Amino acid sequence: MAEGEALVSVDYEVFGKVQGVFFRKYTQGEAKRLGLVGWVQNTSRGTVQGQIQGPTARVRELQEWLRKIGSPQSRISQAEFSNEKKIEALEHKDFQILK
C-alpha cells in the first residue's frame, strides 16, 4: 500500500439477481485480488450487502466491479454505497463471507 494513501470504509448493497449465483464468492475473490478487507453477506430481501475497506483508489475499483460486473451469472440492477468515511486503520483482517 502506498504511503500516505487515504484509507476509506464504505458500506454497500447490490440489487438484482445476486443470490444463488456465487456473487459473494466472486466479490471475496475480487476484494482479495485488490488487497481490500471487509465482508459480504446475503440479505433476507434478496440483495447482497457488506463493507469494503482499503485505499481509496482500490475501493473505487471494487465499487465499479460491484456496480457493473459481479459474478458471471449475476444480473445487477443497481448498487448503492453509503456511510463512506476516512479511517485511520483497517478494522478487518481480511475479506469474509458472512452467513
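**Strand 3 and its partners**

I looked up N42 first and found that N42 stands opposite V48 in strand 3. I am working on a predicted model, in which local features need pLDDT of at least 70 and side-chain atom pairs pLDDT 80 or more, while totals for chains, interfaces and linings use all residues. Numbering runs from 1 along each chain as its sequence is written, and side-chain values use heavy atoms, without hydrogens or water.

I take helices (H or I, at least four residues) and strands (E, at least two) as DSSP runs numbered from the N terminus. I count two strands as paired if DSSP finds at least two bridges between them. Strand 2 and strand 3 pair in the antiparallel sense over 6 bridges. Their hairpin has 5 residues between the strands, and G46 takes a positive phi near 85° there.

I then checked the pairing of strand 3 with strand 1 (residues 7-17), which is antiparallel over 8 bridges. In strand 3, Q49 has E13 opposite.

For burial I use relative accessible area: buried is under 20%, exposed over 50%, and partly exposed in between, with a 1.4 Å probe and protein chains only. Strand 3 (residues 48-55) has 7 of its 8 residues buried.

**The annotated active site**

Which residues carry the UniProt feature "active site"? The unreviewed entry places this feature at R24 and N42. I note that UniProt positions are in the numbering used here, feature names are shortened, and annotations may be inferred rather than shown by experiment. The two positions are spread over 19 residues of sequence but cluster in space, with a largest C-alpha distance of 7.8 Å.

I located R24 in helix 1 (residues 23-33) and N42 in strand 2 (residues 37-42). R24 has 21% relative accessibility, so R24 counts as partly exposed. N42 is also partly exposed, at 27% relative accessible area.

I listed contacts (heavy atoms within 4.5 Å). Leaving aside neighbours within four places in sequence, R24 is in contact with V40, Q41, N42, V48, I97, L98 and K99. By the corresponding count, not including residues up to four places away, N42 touches V18, Q19, R24, T47 and V48.

**L98**

I followed the R24 contact to L98, which is in the segment after strand 5 (95-97). L98 touches R24, W39, V40 and Q41, residues up to four places away in sequence not being counted. L98 has a relative accessible area of 30%, which makes L98 partly exposed. I also took the C-alpha distance from L98 to D11, which is 14 Å across 87 residues of sequence.

**Aromatic rings**

I searched for ring pairs of Phe, Tyr and Trp (its six-membered ring), with centres within 6.5 Å; planes under 30 degrees apart count as stacked, over 60 as edge-to-face and the rest as tilted. The count is 1 aromatic pair. The rings of F23 and W65 have centres 6.0 Å apart and planes at 45°, so I logged the pair as tilted. F23 lies in helix 1 and W65 in helix 2 (residues 56-68), so the pair ties together parts that are 42 residues apart in sequence. Both F23 and W65 are buried.

**Positive phi outside glycine**

I note the background that most residues other than glycine have a negative phi. F22 has a positive phi near 60°. F22 lies in the loop between strand 1 and helix 1 and is exposed, at 59% relative accessible area. N83, also not a glycine, has a positive phi of about 55°. I placed N83 in strand 4 (residues 75-87); at 53% relative accessibility, N83 counts as exposed.

**Whole protein**

I counted 2 helices and 5 strands, in the order β-α-β-β-α-β-β along the sequence. The radius of gyration (over C-alpha atoms) is 13 Å, and the globule rule (2.2 Å times the number of residues to the power 0.38) gives 13 Å for 99 residues, so the protein is as compact as a globular protein of that length. The C-alpha trace spans about 40 × 20 × 20 Å along its principal axes.

Of the 99 residues, 41% count as buried. Among contacts between residues at least 6 apart in sequence, 77% join residues at least 24 apart.

I closed with the domain record: the unreviewed UniProt entry places "domain: Acylphosphatase-like" at residues 9-99. Over residues 9-99 I found 26% helix and 43% strand, with the end C-alpha atoms 21 Å apart.
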